[in-house]
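Me: I should like to go through this structure term by term, asking in each case what justifies the word used. Please set the values against the criteria.

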Protein chains: 2
Amino acid sequence: MTTQQLYEQIQHKKSFLCIGLDVDLNKVPQHLLETEDPIFEFNKAIIDATHDLCVSYKPNTAFYEAYGLKGWQSLEKTINYINEKYPDIFTIADAKRGDIGNTSSMYAKAFFEDLKFDSVTVAPYMGKDSVEPFLAFEDKHTIMLALTSNEGAFDFQTLKIDGRELYKQVIETSTEWKNSHRLMYVVGATKAEYLSEIREIIPNSFLLVPGVGAQGGSLEEVCKYGMNHHVGLLINSSRGVIYASKDHDFAEAARAEALKLQQQMQRILEEKEMQ
Amino acid sequence: MTTQQLYEQIQHKKSFLCIGLDVDLNKVPQHLLETEDPIFEFNKAIIDATHDLCVSYKPNTAFYEAYGLKGWQSLEKTINYINEKYPDIFTIADAKRGDIGNTSSMYAKAFFEDLKFDSVTVAPYMGKDSVEPFLAFEDKHTIMLALTSNEGAFDFQTLKIDGRELYKQVIETSTEWKNSHRLMYVVGATKAEYLSEIREIIPNSFLLVPGVGAQGGSLEEVCKYGMNHHVGLLINSSRGVIYASKDHDFAEAARAEALKLQQQMQRILEEKEMQ
């Protein structure tokens with residue numbers, strides 16, 4: 001999928017919502033546990049109930065790996081289901097991978113070729129040759145951690161190098177890498193005011209923004225500082241949407257939460273005359 | 001496994017060799033491709049041929065994920081085989097994971113509980129709350145990237161914060177985290193001279209050292225600067241050992257390469273009177 005196609009989908013749905021499919025079997029409705037593949041059944045119901053309100057789904061691989069082989073199978077079924085039934089959706093494998101060159105190539109193969117995700121998240125610590133193998137894939141996107149939404153973000157990401165924070169250095173350096181036009185960045189919503197400075201370095205890139213809702217970030221603030229002329233934002237919500245109810249009505253409840261977010265987004269797009 | 005047990009194994013085998021099980025189906029002997037699970041068959045033969053010469057095996061998860069569900073199954077069979085047949089071996093899941101707290105807990109569960117590895121490698125970029133969930137597991141070890149052996153290590157890891165390299169800051173900060181005694185560190189062999197400075201910060205920790213052999217590092221140099229009073233080093237070799245031959249004799253050839261490394265290690269241990 002190209003970023004142009006992603007933008008067209010945003011305009012069409014009046015939404016830039018990404019729903020995080022972080023399925024914890026301790027949190028899904030009890031009755032699903034009796035099915036053969038509760039993780040997939042949960043995802044399928046959530047996806048069917050919300051696909052017209054969001055532009056992206058983002059399964060975090062940790063939640064699948066924790067259930068071993070069965071979990072990996074649920075991940076495979078989930079991505080196949082989305083790709084077959086809702087091919088316009090932008091899919092993100094939230095895997096935060098990164099390794100030396102030939103090894104990163106294997107990860108890229110895993111997520112882009114085997115599982116057929118549109119994008120994958122990567123960690124920047126190992127530098128250029130750990131990320132470029134992902135960037136080699138045409139019409140695929142690599143979403144690099146820049147400034148994350150957790151407390152630990154302040155341990156290293158905001159340390160200053162010659163008066164400038166590491167995360168800014170990471171972003172700036174990455175713009176010089178081969179095929180850097182295929183990069184997107186993770187920027188946590190809990191630091192919305194930082195977004196305008198980030199936009200000075202990468203005015204055109206898409207930003208994946210976690211931390212709205214459960215983690216406390218404000219949608220309005222994020223849009224104020226982070227939106228560009230083709231929106232350029234994917235706002236992620238995971239727990240706030242998918243665990244809206246733990247009962248039989250979980251899919252409807254998820255839809256209701258997703259609808260609230262979509263309507264807020266539509267209002268913002270209308271205000272900015274971007275719809 | 002405790003670090004004391006690891007040290008005893010090192011003394012017993014006169015080796016601190018870790019063999020990287022990075023299985024690429026394009027590089028394994030042709031005849032294995034006809035078997036039902038070529039990755040596992042390859043690993044099994046390598047393990048049976050080398051288990052008395054090394055103290056650790058380190059499958060890199062990328063090479064398994066690249067083959068999807070079948071690959072994950074091969075990884076599971078490999079770790080189970082080692083744990084059952086050679087329980088004294090220190091196993092490392094080279095996964096380079098790291099995410100916000102509750103998500104890192106899922107990764108820890110995946111590698112420590114589901115797959116029963118002794119240790120897992122993690123990336124430091126997301127800070128304290130991305131690593132501490134791994135450290136909560138008793139008798140398990142978390143091996144954090146500090147200074148890696150690839151070219152990209154110089155992109156961010158060696159940037160200076162108040163005159164001091166980021167990787168040193170990462171190491172020092174991590175020593176204050178809860179259960180930091182369960183931390184080990186990845187330090188590339190290509191920068192052996194940096195090891196003495198690292199030893200000033202963490203004199204007692206085990207270091208996992210990739211980059212000897214194929215990536216050009218020298219074993220003598222690494223030991224000169226990095227060894228401590230209980231050895232404190234795990235030297236990894238992957239391609240140099242496992243792809244020593246692409247023929248029917250691949251396991252014997254791997255043993256011959258592992259033996260060369262073990263004999264060099266024995267000589268060093270004898271010189272230092274540590275055997």
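**Terms and their grounds**

Reply: One pair of residues serves as a starting point: Thr142(A) has Leu183(A) as its bridge partner in β8(A). The model is a predicted one.

Me: What makes β5 and β8 of chain A a strand pair?

Reply: At least two bridges are required for two strands to count as paired. Strand β5 (residues 141-147) and strand β8 (residues 183-187) of chain A are joined by five bridges in the parallel sense, so the criterion of at least two is met.

Me: Which strands of chain A form the closed barrel, and how are they turned against each other?

Reply: The order in chain A is β1-β2-β3-β4-β5-β8-β9-β10, eight strands in a closed barrel with parallel pairing. Neighbouring strands of this sheet are turned by 30 degrees against each other on average, direction ignored. In the whole of chain A, the secondary structure comprises twelve helices and ten strands.

Me: Where does helix α10 of chain A lie with respect to strands?

Reply: Helix α10 (residues 219-226) of chain A lies across β9 (207-209) and β10 (233-237) of chain A, and runs at about 160 degrees to β10(A).

Me: How do you know that the radius of gyration of chain A agrees with that of a compact globule?

Reply: For 275 residues, the value expected of a compact globule is near 19 Å; chain A has 18 Å, which agrees. Along the principal axes, the C-alpha atoms of chain A fill a box of roughly 55 × 45 × 35 Å. Of the 275 residues, 56% count as buried. Among contacts in chain A with a separation of 6 or more, 70% are between residues 24 or more positions apart.

Me: What confidence does the prediction carry?

Reply: Chain A has a mean pLDDT of 95, with 98% of its residues at 70 or more. The scores of the model are ipTM 0.96 and pTM 0.97.

Me: Why is the relation between chain A and chain B called that of a two-fold axis?

Reply: Chain A is superposed on chain B by a rotation of 180 degrees with 0.0 Å of shift along the axis, at an RMSD of 0.0 Å. That is the relation of a two-fold axis. In chain A, the C-alpha of Ile161(A) is the nearest to the axis, 2.6 Å from it.

Me: How do you know that the copies meet through the same surface?

Reply: Of the interface residues of chain A, 98% are also interface residues in chain B, so the same surface is used by the copies. The contact involves 47 residues of chain A and 46 residues of chain B. Several elements of chain A each supply at least two residues to the side that touches chain B, including α4 (68-85), β3 (90-97) and α8 (166-174). The most comes from α5(A), with seven residues.

Me: What makes β3 and β4 of chain B a pair, and which residues are bridge partners there?

Reply: Three bridges join strand β3 (residues 90-97) to strand β4 (residues 119-122) of chain B, the two running parallel, and at least two bridges are needed. Arg97(B) has Val122(B) as its bridge partner in β4(B). β4(B) is in turn joined to β5(B) by four bridges, again in parallel, with Ser119(B) partnered by His141(B) in β5(B).

Me: Why is β5(B) said to be largely enclosed?

Reply: Seven of the seven residues of β5(B) are buried, so the rest of the structure largely encloses this strand.

Me: Why is Asp139(B) called exposed, and Val231(B) buried?

Reply: A residue is exposed at 12 or fewer C-beta neighbours within 10 Å and buried at 20 or more. Asp139(B) has 11 such neighbours, so it counts as exposed; Val231(B) has 24, so it counts as buried. Asp139(B) lies in the loop between α6 (128-135) and β5 (141-147) of chain B, whereas Val231(B) is in the loop between α10 (219-226) and β10 (233-237) of chain B.

Me: What is notable about phi in Asp139(B) and Val231(B)?

Reply: Most residues other than glycine have a negative phi. Phi of Asp139(B) is positive, near 60 degrees, and that of Val231(B) is positive at about 70 degrees, although neither is a glycine.

Me: Which residues distant in sequence does Asp139(B) touch?

Reply: Leaving aside residues up to four places away in sequence, Asp139(B) touches Met1(B) and Thr2(B). Asp139(B) and Thr2(B) are 137 residues apart in sequence, yet 5.5 Å apart in space, C-alpha to C-alpha.

Key. Residues are numbered from 1 along each chain as its sequence is written. Chains are lettered from A and ligands numbered from 1 in the order in which they are written. This is a predicted model: local features need pLDDT of at least 70, side-chain atom pairs count only at pLDDT 80 or more; totals for chains, interfaces and linings use all residues. pLDDT is the predictor's confidence in each residue, from 0 to 100. The radius of gyration is taken over C-alpha atoms; the globule rule is 2.2 Å times the number of residues to the power 0.38. Two residues are in contact if their C-beta atoms, placed from the backbone, lie within 7 Å. Copies are superposed by least squares on the C-alpha atoms of residues with pLDDT of at least 70 in both. Axes are lines fitted to C-alpha atoms, for helices over the stretch in contact, and angles run from 0 to 180 degrees between N-to-C directions.
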